[in-house]
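Reader: I would like a close look at the empty spaces inside this protein and at the packing around them. Please take the pockets, the cavities and the nonpolar cores in turn.

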Amino acid sequence: MPSDSADPSLAQALLEARARLRKEIAKVIIGQDDIIEHVLVCLLARGHVLLVGVPGLAKTLLIRTLANALDLSFNRIQFTPDLMPGDITGTEIIEEDHTTGRRVFRFVKGPVFAHVVLADEVNRTPPKTQAALLEAMQEHRVTASGQTFTLEEPFFVLATQNPIEQEGTYPLPEAQLDRFMLNLWLDYPTFDQEVEVVRSTTSLTSYEVKQAMTRSELLLYQDFVRQIPAARNVIQYAVRLSSGTRPNREGALDFVNNYIAYGAGPRASQYLILGAKALAAMDGRLTPLISDVKAMAVPVLRHRIIANFNAEADGVSVTELIGKLIEATAT
């Protein structure tokens with residue numbers, strides 16, 4: 001339950017748990033420190049991640065390793081054009097009741113019934129199937145054949161998209177993108193990191209990932225993040241940052257009116273604060289700072305801002321617009 005203060009001992013415990021978790025993930029994943037940090041933030045804030053990156057950057061390995069280190073159940077769904085909603089949520093089968101001899105329907109749960117779900121190449125499946133996953137993400141439950149099944153907590157979805165192939169894909173509408181707390185871009189490793197990746201993956205050496213945090217501890221830390229109080233000026237800054245993306249409003253900046261077609265909604269303000277709280281908690285602090293909000297600005301706002309033709313013509317990216325907005329927004 002939310003409160004006006006948070007337990008300092010939990011802050012220290014989370015700080016130590018984070019260090020253990022990062023140590024275990026580092027056994028398998030080389031580099032990508034910022035991505036790992038933001039995935040942990042999203043997990044603690046009870047959000048979901050949309051991860052964009054070219055093939056071969058260990059997206060699947062990252063999320064599987066995280067699930068192993070947290071001792072959580074993990075399922076991977078490979079999205080294809082012929083995937084049906086029932087392939088995600090589950091389906092009914094007919095089986096014979098051996099005691100009565102009658103045939104009865106039984107619901108067989110689909111791969112969405114896991115603590116951690118990797119939705120691989122989510123833009124390769126039609127909107128009807130995407131909607132089945134997105135409904136489960138939002139409601140944390142599945143409705144099938146007139147029955148409602150509650151998904152076991154924690155429930156975390158990491159969906160991936162390939163940015164270089166758009167033929168035969170079904171881009172997620174902006175309203176559905178808004179359901180993801182963070183949009184993370186996975187970049188190529190550095191030269192030294194790639195050398196280490198090749199060395200470690202082309203030998204017989206294997207690393208055992210040990211449990212760094214229990215499921216009950218994770219649930220406790222998720223509650224703890226929401227118990228952390230945020231100062232009024234920090235909340236006001238987050239709202240100013242989010243509302244500052246909206247063009248053609250009173251006080252809107254010139255570059256916002258010139259380059260942005262649609263800005264972020266109130267959910268962005270909520271996620272800025274939740275992300276800032278999670279960052280503070282992971283750092284052992286009991287309240288977020290404006291710097292934490294700034295650190296969350298790009299992954300929270302990037303998929304919630306729609307640039308117009310002027311931005312495209314002038315070569316101005318959404319990330320650059322967020323940077324200018326941060327500079328122009330008073331603290």
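Author: What follows goes through the open pockets, then the closed cavities, then the cores, and ends with one serine. The model is a predicted one.

The largest pocket holds about 580 Å³ of space. Its lining counts 24 residues, and those closest to the centre of this pocket are Leu177, Asn183, Trp185, Arg302 and His303. Several elements each supply at least two residues of this lining: the strands β1 (49-52), β9 (182-185) and β11 (306-307), together with the helices α6 (174-177), α13 (309-313) and α14 (318-328). Sorted by class, the lining of the largest pocket has 13 nonpolar residues, 8 polar ones and 3 charged ones.

The second largest pocket has a volume of about 440 Å³. It is lined by 21 residues, with Val28, Ile30, Leu61, Val197 and Thr201 nearest its centre. Helix α7, which covers residues 191-201, gives the most to this lining, namely 6 residues. By class, the lining of the second largest pocket comprises 11 nonpolar, 7 polar and 3 charged residues.

Next come the closed spaces. Rolling a probe the size of a water molecule over the atoms shows where empty space is left. There are 2 cavities of 30 Å³ or more in the structure.

The largest cavity has a volume of about 70 Å³. Around it lie Leu14, Arg18, Leu21, Leu40, Leu43, Leu44, Leu70, Met213, Leu218 and Met282, which form its lining. Two elements, α1 (8-26) and α2 (33-44), give two or more residues to the lining of the largest cavity. The class count for this lining is 9 nonpolar, no polar and 1 charged.

In the second largest cavity there is about 40 Å³ of space. Its lining is made up of Ile29, Gln32, Ile35, Leu57, Ala58, Lys59, Leu62 and Leu186. Here the residues divide into 6 nonpolar, 1 polar and 1 charged.

Some names from the cavity linings return in the packing. The largest nonpolar core has 79 residues, and the members that touch the most other members are Leu21, Leu66, Phe156, Leu241, Val293 and Leu301. Helix α11 contributes the largest share of this core, with 10 residues. A second core, separate from that one, has 26 residues, including Phe79, Phe113, Val117 and Met137.

Leu66 shows how these parts meet. Leaving out residues up to four places away in sequence, Leu66 touches Leu21, Ile25, Val39, Leu40, Leu43 and Phe156. Among these contacts of Leu66 are Leu21, Leu40 and Leu43, and the lining of the largest cavity includes Leu21, Leu40 and Leu43 as well.

Helix α11 also carries a polar residue to look at. Ser269 sits in this helix, which runs over residues 266-282. Ser269 counts as buried because its relative accessible area is 11%, and the cut-off for buried is under 20%. Beyond residues up to four places away in sequence, Ser269 touches Ala238, Val239 and Ser242. With Ser242 there is also a polar contact, made between the two side chains at 3.2 Å.

How values were computed: Residues numbered from 1 in each chain as written. Predicted model: local features only at pLDDT ≥ 70, side-chain atom pairs only at ≥ 80, totals over all residues. Heavy atoms only, no water. Helix = DSSP H or I, 4+ residues; strand = E, 2+ residues; numbered from the N terminus. Buried < 20%, exposed > 50% of the residue type's maximum accessible area, 1.4 Å probe, protein only. Polar contact = N/O pair within 3.5 Å; in protein donor to acceptor, adjacent residues only side chain to side chain. Contact = heavy atoms within 4.5 Å. 1 Å grid on protein atoms, 1.4 Å probe; cavity = no way out; pocket = protein on both sides within 12 Å on 5 of 7 lines; lining within 4 Å. Points joined across faces, edges and corners; volume = space filled by probe spheres on them. Nonpolar A, V, L, I, M, F, W, Y, C, P; charged D, E, K, R; others polar. Core = buried A, V, L, I, M, F, W, Y, C linked by side-chain atoms within 4.5 Å.
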